[in-house]
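Me: I am new to this structure and would like a close look at a single part of it, the surroundings of the ligand. Please take me through that part in one connected answer.

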Amino acid sequence: MLVEPPPLSRRRLLGGLLALAAGSALPPLIARGESGEIREVPATGESLPLVGLGSWITFNVGDDPALLEACTAVMAAFFAEGGRMIDSSPMYGSSQATIGHALAELDATDRVYAADKIWTSSPSEGPSQLEASRRDWGVPRFDLLQVHNLLAWERNLATLQAMKAEGDVRHIGITTSHGRRHDAIERILREADIDFVQLTYNIVDREAEDRLLPLARERGIGVIANRPFQQKRLIRRLEGEPLPDWASEINARTWAQFILKFIISHPAVSCTIPATTQVEHVRENLAAARGPLPDAELRRRMASYVQSL
Amino acid sequence: MPMSEWWSYHPADFLMFSLHVYERLFVLHNQALWPAQLLALTLGVGLLLALWQPRAGPLRLVVPLLATGWLFVAWAFLWQRYVPINWGIRYVVPLFVLQALLLLVLSQWRGGLVLSPQRLTPRTFGLGLVAYAVFLHPLTALLNDHGLASAEVVGLTPDPLAIATLGLAALARSARRGWALLIIPLLWCLISAATLQLLEAPGAWVPLLAAAIAVVARLMPHG
Ligand SMILES: NC(=O)c1ccc[n+]([C@@H]2O[C@H](COP(=O)([O-])OP(=O)(O)OC[C@H]3O[C@@H](n4cnc5c(N)ncnc54)[C@H](OP(=O)(O)O)[C@@H]3O)[C@@H](O)[C@H]2O)c1
């Protein structure tokens with residue numbers, strides 16, 4: 001059973017109008033803010049930097065003091081470069097506690113756009129799980145809560161909708177990855193009242209381009225692209241290959257930047273969330289949002305170049 | 001999750017921590033416990049000697065010590081260190097406690113544990129496993145970046161503990177008691193081998209080989 005479709009709210013109407021206004025020109029709604037390139041998410045009116053930070057594996061370091069310090073350095077560089085959205089989940093081991101540790105060290109709870117997930121097959125446990133996550137992060141409330149991998153999504157989404165109505169979370173959404181369950185995602189995008197969808201999108205995993213990205217855009221729903229580097233497999237695959245000369249046209253100095261620029265130049269994408277353990281990489285990733293982004297023609301060229309390798 | 005979705009998963013998708021973080025668990029564990037490693041190694045040698053020339057008295061003493069090892073590792077390593085980075089291990093902790101109980105009960109109950117020293121092959125395999133766990137397994141740490149600081153010492157960490165217990169299980173004269181003692185360490189060795197393989201760690205085959213040797217030894221006649 002799907003959640004009752006929402007009445008057309010003023011916010012959603014505005015979102016739809018904004019999306020319409022953006023037309024098909026590439027890239028739309030990009031503004032240069034103090035903190036690098038930002039894009040507005042129509043459904044929320046929120047503007048977010050195009051590159052965020054993931055935390056799967058990379059921040060799961062237990063209570064190892066040396067590794068906690070290393071993660072704190074990554075987050076310090078992330079904020080210094082203007083980053084805001086950090087994504088985590090109760091599924092990610094100690095990652096939420098690591099983020100909380102760094103936020104406290106850096107006194108950055110007011111700078112982060114805190115994105116977390118509800119991940120339980122027993123929805124009655126959802127509220128206590130979310131409260132434990134919030135305590136781990138040490139934030140007063142989450143900016144975004146998502147139903148992780150559509151797990152028991154109808155009831156978990158109902159929990160999130162109730163929280164949002166109470167003002168206990170600002171935005172809500174759903175996630176999937178690896179191209180899984182796109183049919184269900186499509187139904188939810190059409191019928192449910194959500195602000196964000198998180199899915200896998202990169203220069204080789206482009207299934208979302210067919211239906212989900214246009215639909216999200218039409219509905220004014222923000223899109224968070226996960227697994228930009230296929231958990232580094234993509235970078236390893238391309239590492240030995242030369243970057244094309246024309247990559248300089250968009251200031252892509254590395255394969256990582258080439259891939260990120262491809263993702264964030266899609267007009268439906270609000271941001272992507274590469275994970276990293278390295279300060280150099282976080283700088284490189286955030287720098288990808290600065291400077292020119294490819295237009296539709298160049299995007300096609302980028303994709304076919306990678307395909308040809 | 002729909003059945004069809006399972007096919008879209010790669011085993012590596014279930015891995016939620018890096019090799020570096022995993023190896024650091026042992027470094028921190030060793031730092032926190034030093035110099036308990038010396039005591040554990042001494043007790044390991046005691047276990048080997050007691051199994052070499054099995055007599056009821058010493059055996060009744062060392063097997064409960066091994067049981068204590070299972071309890072200690074369940075608490076100090078699995079629960080305190082491993083569960084925070086790998087929530088699946090939470091479900092393994094009760095098995096370690098069960099193994100400790102099995103060791104305690106089977107070593108004291110109805111004449112205790114009787115080993116079969118006559119048959120050469122199971123004896124060699126069994127004692128070989130224990131000797132490997134005590135003396136050689138800690139040295140596998142030399143293959144990684146942290147060196148001996150990340151050594152896995154018997155009685156303090158799960159792999160050598162499981163391998164030593166497999167050795168004991170291979171030596172038991174009663175097939176029933178032997179198999180009862182073998183199942184949980186065998187399961188752990190499979191989990192450990194799969195984890196190390198996914199982490200692309202050196203020596204992923206070690207726990208697998210130990211498990212295979214124990215099963216083969218167990219299947220042989222014990223006289
Ligand atoms: N269903 C879901 O909700 C779901 C599913 C998947 C992912 N996610 C989210 O999306 C995030 C991103 O996905 P992911 O972590 O699976 O994979 P990813 O971001 O595609 O890849 C992470 C890997 O890329 C490497 N990397 C990062 N920047 C690099 C650079 N500039 N140059 C070279 N290598 C670089 C990192 O290694 P180094 O440490 O060496 O930099 C890391 O190992 C996750 O962390 C998670 O927050 C959500």
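Reply: Sorted by character, the residues of the shell around the ligand fall into 9 nonpolar, 16 polar and 5 charged ones, and this, like everything that follows, is read from a predicted model. The shell holds 30 residues, and the closest of them are A:Asn149, A:Phe229, A:Thr276, A:Thr277 and A:His281.

Some side chains can be matched with particular atoms of the ligand. A:Lys232 places an N or O atom of its side chain 2.7 Å from an oxygen atom of the ligand, and for A:Gln278 the distance between a polar side-chain atom and a ligand oxygen atom is 2.8 Å. With A:Gln198 the partner is a nitrogen atom of the ligand, which lies 3.5 Å from a polar atom of that side chain. Of the 890 Å² of accessible area that the ligand has on its own, 93% is covered by the protein.

As for the elements that supply the shell, helix H10 of chain A, residues 279-287, gives the largest share, with 3 residues. This helix can in turn be placed against helix H9 of chain A, residues 255-264, since the axes of the two come within 9 Å and cross at roughly 40°. Angles from 35 to 65 degrees are neither roughly parallel nor roughly perpendicular, and H9(A) and H10(A) are therefore oblique to each other. The crossing in which H9(A) passes H10(A) is right-handed.

One backbone detail belongs to a loop of chain A, the one between strand E6 (142-147) and helix H5 (153-166), where A:Leu150 is found. Although A:Leu150 is not a glycine, its phi is positive, at about 60°.

Chain B has a backbone detail of another kind, a cis peptide bond between B:Trp34 and B:Pro35, with omega at about 10°. B:Pro35 sits in the loop that runs between helix H2 (19-33) and helix H3 (36-52) of chain B.

Key
Residues numbered from 1 in each chain as written. Chains lettered and ligands numbered in written order. Predicted model: local features only at pLDDT ≥ 70, side-chain atom pairs only at ≥ 80, totals over all residues. Heavy atoms only, no water. Near = heavy atom within 4 Å. Polar contact = N/O pair within 3.5 Å; in protein donor to acceptor, adjacent residues only side chain to side chain. Areas by Shrake-Rupley, 256 points an atom, 1.4 Å probe, with all protein chains shown as cover. Helix = DSSP H or I, 4+ residues; strand = E, 2+ residues; numbered from the N terminus. Nonpolar A, V, L, I, M, F, W, Y, C, P; charged D, E, K, R; others polar. Axes fitted to C-alpha atoms, helices over the stretch in contact; angles between N-to-C directions. Parallel < 35°, antiparallel > 145°, perpendicular 65-115°, else oblique. Left-handed = near helix turned anticlockwise from the far one by under 90°.
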